[in-house]
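Work through the exercises below with the sequence and the model at hand. Each task is followed by a solution in steps.

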Amino acid sequence: MWKNLPLFPERASALAWQVDGLYFLLIAVSAFFTLLIFALIFVFAVKYRRSVHPHAVQIEGSLPLELAWTLIPLGICMIFFAWGSLIYFQEARPPKGAMEVYAVAKQWMWKFEYENGQRDINQLHVPVGRDVKLIMSSQDAIHSFFVPAFRIKMDVLPGRFTTTWFRPTKVGTYHLFCSQYCGTDHSGMIGQVIVMEPAAYQAWMSGGASSGTLASNGQQLFQQLGCATCHRFDTQGRGPNLTGVFGKPVLLEDGRTVIADENYIRESILIPGAKIVSGFKPIMPTFQGQVSEENLMALVAYVKSLAQAQQKGAASDNSSVPDTPNSQ
Amino acid sequence: MATAVQTVERENYLNSNYGIKSWLLTTDHKRIAILYLISITAMFWLGGFFAMMIRLELLTPAGDLISSDTYNKLFTMHGIIMVFFFLIPSVPAVLGNFLVPLMVGAKDLAFPRVNLLSWYLYMAGAITALVAMVTGGVDTGWTFYTPFSTTYSNTHVIGAAIGIFIAGFSSILTGLNFIVTIHRMRAPGMTWRRLPLFCWANYAAAIIMVLGTPVIAITLLLVALERAFHIGVFNPQLGGDPLLFQHLFWFYSHPAVYIMILPGMGVISEIVTCFSRKRVFGYEFIALASIAIAVLGFLVWAHHMFVAGISVYAALVFSLLSYLVAIPSAVKVFNWTATMYKGSIRYNTPMLYAFGFIGLFTVGGLTGIFLATLGIDVQVHDTYFVVAHFHYVMVGGMVMAYMAGLHFWWPKITGRMYPEAWAKLSALLVFVGFNTTFFPQFILGYMGLPRRYHAYPPEFQVLNVLSTAGASILAVGYVLPMIYFVWSLRYGKEAGPNPWNAVGLEWMVPSPPPTHNFDETPVVTWEAYDYEHQPQEEVTVGH
């Protein structure tokens, strides 16, 4: 009977315990106040029923009581606020060195692309114990990436990247749900997150037929689309040199400074005129409608790799131009 | 309600004149309240029918009773009808319309013709939305999220949006009428501190109606324009921002839940005092809590967007503000409970519903705290937990309050008593049925079942079956009052002006009240809920 009636979700991520702990506290406090109110109503209703208590005693109110039941609940709420915010901040900040997986959501399926170029549909394979960061975007309506066993959820939007992360702690297969209503087959937009032992994961990774890493695919696109003619790896290009740009502040023509994150790179490809780098002219054509979500992700991965390659280069005091980053 | 035929000789608002024209062209706030009562009751049954279909589909994990598209249209239409065409007008447009002028000692609302216009606008909006539903339906959810609603849905989004757009003006005009009436038309001696809390609550709701409704009107207009002309406000491919829609939509739709619940809270204040025969505990705190909810309610909208991709700092601010808006609601619950202390309590049906309201609203409010808590909201957002929370507040709270008020003032409205035993039975059925329907959904939600799922994994079935079983009990609990209210129009005991021996100007006029309410302008020399000076046994107080 109980096997067919689970009343609680599995706990399979590093954060799940924290979320559940706060959840239990909330249940305890709520149960206390609910029972308190129910009990008071019941006791008053019985004790002061008209047949035994025909004359009501008029009471105007009580300032100390009003203050008490304003301030005590407020104080308790602030505990929830602090704890809830701590969890939320952890969820919002992926740890450094997390393995990155790109996800494209579309009506009504999930496509995942790993750094080595391998692809998955409606299944996400991850090794146990490893931080996994998802960089997601939608091809049509808003979707939402929800894995109850990990206690994480993040909307997936068209036109921008959103991210989430988790560290799976238990080998197994878990539900992946789309939780933002997205049309006809919304309830069919489900999949699985398959958490594997690291060795099994490696075996699975090397089993797939991959056509180069995501970044190297991006590099090919960078050539094909003609990006390289302006974005040269020296100071002579008509567009900014993209080496080492990712993750750094960029000074704009209008004086603002922005961090070159995934969304900035994405916007610069699709709406080049939105944020012009200081010292350059708004001459770049838009690639809106010419690059698919998958290709965009490859391009972003390539620009990212230019920064990583430079860091590595700087560390080994080797300032050569990065040409084939992350190649296998 | 062709019940104007009565044995009562005295002229009242029901028998003063006859004929369909005398109803459709009336400017009497009491008759307009009846027009609303009939229209929103029809909408309630339609929305309830859709809910029943949804629950039947969810009996089994597979989507086998109806197609996905039909299912999506059903929950969309259930939401649109219940929110915009039942809950928002329920207490204000029916009970508020009937009672606010009586309670403040006025002959009518400030603008009687505008009041009639607002009913016609409501009907025009309702019919437009119904036509959109009959000719193909809408499948966007009542929330109309973009870019799905603007670009990807193939259904009658524009028709439904225009229906809600039109009905919004009805809401604005009703709010305007209440504000002006309560400011300008109070009887001599009816000071703000003597004003019944029902009027305070409707006043607070009216502020939201007037200030908030224009925003949903603009938002839905933009959705319609984007769909028709691709103006590029919300669609990112046209340079728009889909999250802008959510900000605009919730800027109205979160305060809108306070439009729905505040007047219900006003009803509960009247009933708890009457059946405890006590002045209300902490009058000022309950009155000011209504205003605090109306003001703070405008500052919490983005708590619907914690996982939508807003900045973590914005989430932090909106989380904090969401706790703040919970406090005035808690203050009210504590004050109602304290009002019963050392009272002289009678268990008539309105009081039973009021008990139900306080209990279920407490659960609904506390689970709102779960949702305001950022780390927890990530797990339960867009799951059945939210569905359960919302229904605890809206059905467990608001519909309970509406039923409480309908029973309480039914003798005043019709001059007849409803059958008490049947009414108590139905109140019990509603309470049991409601909890059986919606409590399992809290568990389903934390387990991770997303809302708006036509089919679901099999491990969620047991709780879904329980929920559907509860819904059928709930349905019986709602059908019963429908029958005995109609029955009472002919066979109910005559009520007399004040069957509950309650304090308040509305109980000092005959039942049903004469067309002009008061033969002479009343002069108020007592405070609200002055049960100390009210004779204990039933007497006829009148002019």
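## Exercise 1: A salt bridge within chain B

Arg451(B) has a relative accessibility of 19% and counts as buried. The model is a predicted one.

**Task.** Find the salt-bridge partner of Arg451(B), and state where the two residues lie and whether the partner is buried or exposed.

**Solution.**

1. The side chain of Arg451(B) meets that of Asp382(B) in a salt bridge, with 3.6 Å from N to O.
2. This pair connects distant parts of the chain, 69 residues apart: Asp382(B) is in the loop between α12 and α13 (384–414) of chain B, and Arg451(B) is in the loop between α14 and α15 of chain B.
3. The limit for a buried residue is under 20% relative accessible area. Asp382(B) has 7% relative accessibility, so Asp382(B) counts as buried. Arg451(B), at 19%, is buried as well.

## Exercise 2: The fold of chain B

**Task.** Describe chain B by its helices and strands, its radius of gyration and its buried residues.

**Solution.**

1. Chain B contains 15 helices and zero strands.
2. Its radius of gyration is 23 Å, close to the 24 Å given by the globule rule for 543 residues, so chain B is as compact as a globular protein of that length.
3. The C-alpha trace of chain B spans about 70 × 45 × 45 Å along its principal axes.
4. Of the 543 residues of chain B, 67% count as buried.
5. Take the contacts in chain B between residues at least 6 apart in sequence: 82% of these join residues at least 24 apart.

## Exercise 3: The interface between the chains

**Task.** State how much area chain B and chain A bury between them, and which parts of chain B touch chain A.

**Solution.**

1. The size of an interface is often given as the accessible area lost when the parts come together.
2. For chain B and chain A the buried area is about 7,800 Å², with 68% of it on carbon and sulfur atoms.
3. Chain B contributes 94 residues to the contact and chain A contributes 85 residues.
4. Between the two chains there are 33 residue pairs in polar contact. At least two residues each on the side of chain B that touches chain A come from α3 (68–104), α5 (148–152), α8 (242–276), α10 (312–340), α11 (349–372), α12 (374–380), α14 (420–447) and α15 (461–491) of chain B.
5. The largest share of that side, 16 residues, is supplied by α10(B). By residue type, the side of chain B that touches chain A has 55 nonpolar, 25 polar and 14 charged residues.
6. Two salt bridges are counted between chain B and chain A. One of them joins Asp241(B) to Arg160(A), with the closest N and O atoms 2.9 Å apart.

## Exercise 4: A glycine at the interface

**Task.** Locate Gly309(B) and list what Gly309(B) touches beyond four places away in sequence.

**Solution.**

1. Gly309(B) sits in the loop between α9 (283–296) and α10 of chain B.
2. Leaving out residues up to four places away in sequence, Gly309(B) touches Met154(A), Arg160(A) and Leu243(B).
3. Gly309(B) and Leu243(B) are 66 residues apart along the chain, and their C-alpha atoms are separated by 8.3 Å.
4. With 24% relative accessibility, Gly309(B) counts as partly exposed.

## Exercise 5: Salt bridges in chain A

**Task.** Trace the salt bridge of Lys133(A) and the network to which Lys133(A) belongs.

**Solution.**

1. Over all chains, the whole structure has 20 salt bridges.
2. Lys133(A) forms one with Glu100(A), the closest N and O atoms being 3.9 Å apart.
3. Lys133(A) lies in strand β5 (residues 132–138) of chain A and Glu100(A) in strand β1 (residues 99–106) of chain A, so the pair ties together parts that are 33 residues apart in sequence.
4. Lys133(A) is buried at 14% relative accessibility, and Glu100(A) is buried with a relative accessible area of 14%.
5. A network of salt bridges links Glu100(A), Lys133(A), Glu262(A) and Lys304(A).

## Exercise 6: A loop lysine

**Task.** Describe the surroundings of Lys170(A).

**Solution.**

1. Lys170(A) is in the loop between β8 (162–166) and β9 (172–178) of chain A.
2. Its relative accessible area is 37%, so Lys170(A) is partly exposed.
3. Beyond four places away in sequence, the residues touched by Lys170(A) include Glu10(A), Val128(A) and Val195(A).
4. The side chains of Lys170(A) and Glu10(A) make a polar contact (3.2 Å).

Notes:
Residues are numbered from 1 along each chain as its sequence is written. Chains are lettered from A and ligands numbered from 1 in the order in which they are written. This is a predicted model: local features need pLDDT of at least 70, side-chain atom pairs count only at pLDDT 80 or more; totals for chains, interfaces and linings use all residues. Side-chain values use heavy atoms; hydrogens and water are left out. Contact means heavy atoms within 4.5 Å. Buried area is the accessible area (1.4 Å probe) that two parts lose on being put together, summed over both. A salt bridge is a side-chain nitrogen of Lys or Arg within 4 Å of a carboxyl oxygen of Asp or Glu. A polar contact is a pair of N or O atoms within 3.5 Å; within protein, one must be able to donate a hydrogen and the other to accept it, and residues adjacent in sequence count only if both atoms are side-chain atoms. Ala, Val, Leu, Ile, Met, Phe, Trp, Tyr, Cys and Pro count as nonpolar, Asp, Glu, Lys and Arg as charged, and the others, Gly among them, as polar. Buried means under 20% relative accessible area, exposed over 50%, partly exposed in between (1.4 Å probe, protein chains only). The radius of gyration is taken over C-alpha atoms; the globule rule is 2.2 Å times the number of residues to the power 0.38.
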